[in-house]
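Colleague: I would like to go through this structure with you residue by residue. Please give the reasoning before each value.

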Amino acid sequence: MDAMGVGDAYSNDNVSSSVVAEELPNPEATDFYKLLKAAEQPLWDGYTKQSKLSACVQLLNMKSTLNLTQTTFNKFIDFTKSCMPNDENLVSNFYDAKKFMRPLGLGYEKYDVCPNYCMLYYVADVMKINCNFCGSSRYKPRNPTSKGSNKAEKQLRYFPLTPRLQRLFMSPYHAKDMT
């Protein structure tokens with residue numbers, strides 16, 4: 001009864017219609033819904049071909065496919081903004097674009113890997129320096145005069161499945177096909 005929001009409606013003889021309170025979304029879902037509202041926001045007033053979200057996605061896709069540096073990307077954004085009206089809504093640099101897209105939950109985790117792909121330095125093996133199987137070093141050789149931490153020879157990028165599934169279940173259109 002508590003889960004359905006009915007309360008004590010059935011404990012009394014007179015059954016009343018109770019109002020089911022809608023559950024508030026968690027903070028991640030709230031951020032995602034804000035991003036969906038940005039999908040409806042035009043780049044500037046009166047322009048309907050692109051939204052702020054679609055322009056940001058296309059710019060980040062161009063950065064990735066053309067292998068642009070952050071500096072080049074920022075200069076490209078500056079030029080694009082100079083060609084637009086003053087009331088434009090485009091992101092201003094690469095940092096803002098990544099921050100804007102973060103609620104989509106497309107992040108990844110990095111794990112160090114043996115250069116010969118024998119071993120993953122994860123959980124119990126996170127503190128090891130040499131591979132258990134081939135004996136190769138986990139880190140690149142350092143210049144003795146350089147400062148800073150060791151750099152891994154190879155890294156694996158892990159894309160967690162849970163946030164992607166949660167994002168799909170947030171949409172009623174997709175959720176009905178997934179159950």
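Colleague: Is Asn-67 buried or exposed, and what is its relative accessible area?

Modeller: This is a predicted model, and Asn-67 is found in the loop between H2 and H3. The cut-off for exposed is over 50% relative accessible area. Asn-67 is therefore exposed, with a relative accessible area of 68%.

Colleague: What is the phi of Asn-67?

Modeller: Most residues other than glycine have a negative phi. Asn-67 is a residue other than glycine, and its phi is positive. The value is near 55°.

Colleague: Which loop residue between strand S2 and strand S3 has a phi near 50°?

Modeller: The loop in question runs between strand S2 (120–121) and strand S3 (154–158). The residue counts as exposed, at 59% relative accessibility. Its phi is a positive value in a residue other than glycine. The residue is Val-123.

Colleague: What is the order of helices and strands along the sequence?

Modeller: The chain has six helices and three strands. Of its 179 residues, 22% count as buried. Read along the sequence, the pattern is α-α-α-α-β-β-β-α-α.

Colleague: At what angle do helix H2 and helix H3 pack?

Modeller: Two packed helices are described by the angle between their axes and the distance between the axes. For helix H2 (residues 52–65) and helix H3 (residues 70–82), the axes are 11 Å apart. H2 passes H3 in a right-handed crossing. The packing angle is about 140°.

Colleague: How many nonpolar residues are in the contact of H2 with H3?

Modeller: From H2, the contact is made by Leu-59, Leu-60, Met-62 and Lys-63. From H3, the residues are Gln-70, Phe-73, Phe-76 and Ile-77. By class, one residue is polar and one is charged, and the number of nonpolar residues is six.

Colleague: Lys-52 is buried yet has no salt bridge; which side chain of opposite charge is nearest?

Modeller: Lys-52 has its place in helix H2. Leaving aside neighbours within four places in sequence, its contacts include Ala-38, Pro-42, Leu-43, Val-91 and Phe-100. A salt bridge needs a nitrogen to oxygen distance within 4 Å. The nearest side chain of opposite charge is 8.3 Å away and belongs to Glu-88.

Colleague: Which residue forms a salt bridge with Glu-88?

Modeller: Glu-88 is buried, because its relative accessible area is 17%. Its partner is partly exposed, with a relative accessible area of 21%. The closest N and O atoms of the pair are 3.0 Å apart, and the partner is Lys-81.

Colleague: How far apart in space are the C-alpha atoms of Gln-41 and Lys-52?

Modeller: Gln-41 lies in the loop between helix H1 (27–40) and H2, and is partly exposed with a relative accessible area of 32%. Not counting residues up to four places away in sequence, Gln-41 touches Ser-51, Lys-52 and Asn-89. Gln-41 and Lys-52 are eleven residues apart in sequence, and their C-alpha to C-alpha separation is 6.0 Å.

Colleague: How many residues apart in sequence are the parts tied together by Arg-138 and Asp-112?

Modeller: The side chains of Arg-138 and Asp-112 meet in a salt bridge, at 2.9 Å from N to O. Arg-138 lies in the loop between S2 and S3 and Asp-112 in strand S1, so the pair ties together two separate parts. Both residues are buried. The separation in sequence is 26 residues.

Colleague: How many salt bridges does a search of the whole structure find?

Modeller: Among them are the Glu-88 pair with Lys-81 and the Arg-138 pair with Asp-112. Asp-125 also forms a salt bridge, with Lys-128, the closest N and O atoms being 3.4 Å apart. The search of the whole structure gives a total of three.

Colleague: Is Tyr-111 buried or exposed?

Modeller: Tyr-111 lies in strand S1 (residues 109–113). Apart from residues up to four places away in sequence, Tyr-111 touches Leu-120, Tyr-122, Lys-154, Gln-155, Leu-156 and Tyr-158. The cut-off for buried is under 20% relative accessible area. At 18% relative accessibility, Tyr-111 therefore counts as buried.

Technical notes. Residues numbered from 1 in each chain as written. Predicted model: local features only at pLDDT ≥ 70, side-chain atom pairs only at ≥ 80, totals over all residues. Heavy atoms only, no water. Axes fitted to C-alpha atoms, helices over the stretch in contact; angles between N-to-C directions. Helix = DSSP H or I, 4+ residues; strand = E, 2+ residues; numbered from the N terminus. Left-handed = near helix turned anticlockwise from the far one by under 90°. Contact = heavy atoms within 4.5 Å. Nonpolar A, V, L, I, M, F, W, Y, C, P; charged D, E, K, R; others polar. Buried < 20%, exposed > 50% of the residue type's maximum accessible area, 1.4 Å probe, protein only. Lys, Arg positive; Asp, Glu negative; His and termini not counted.
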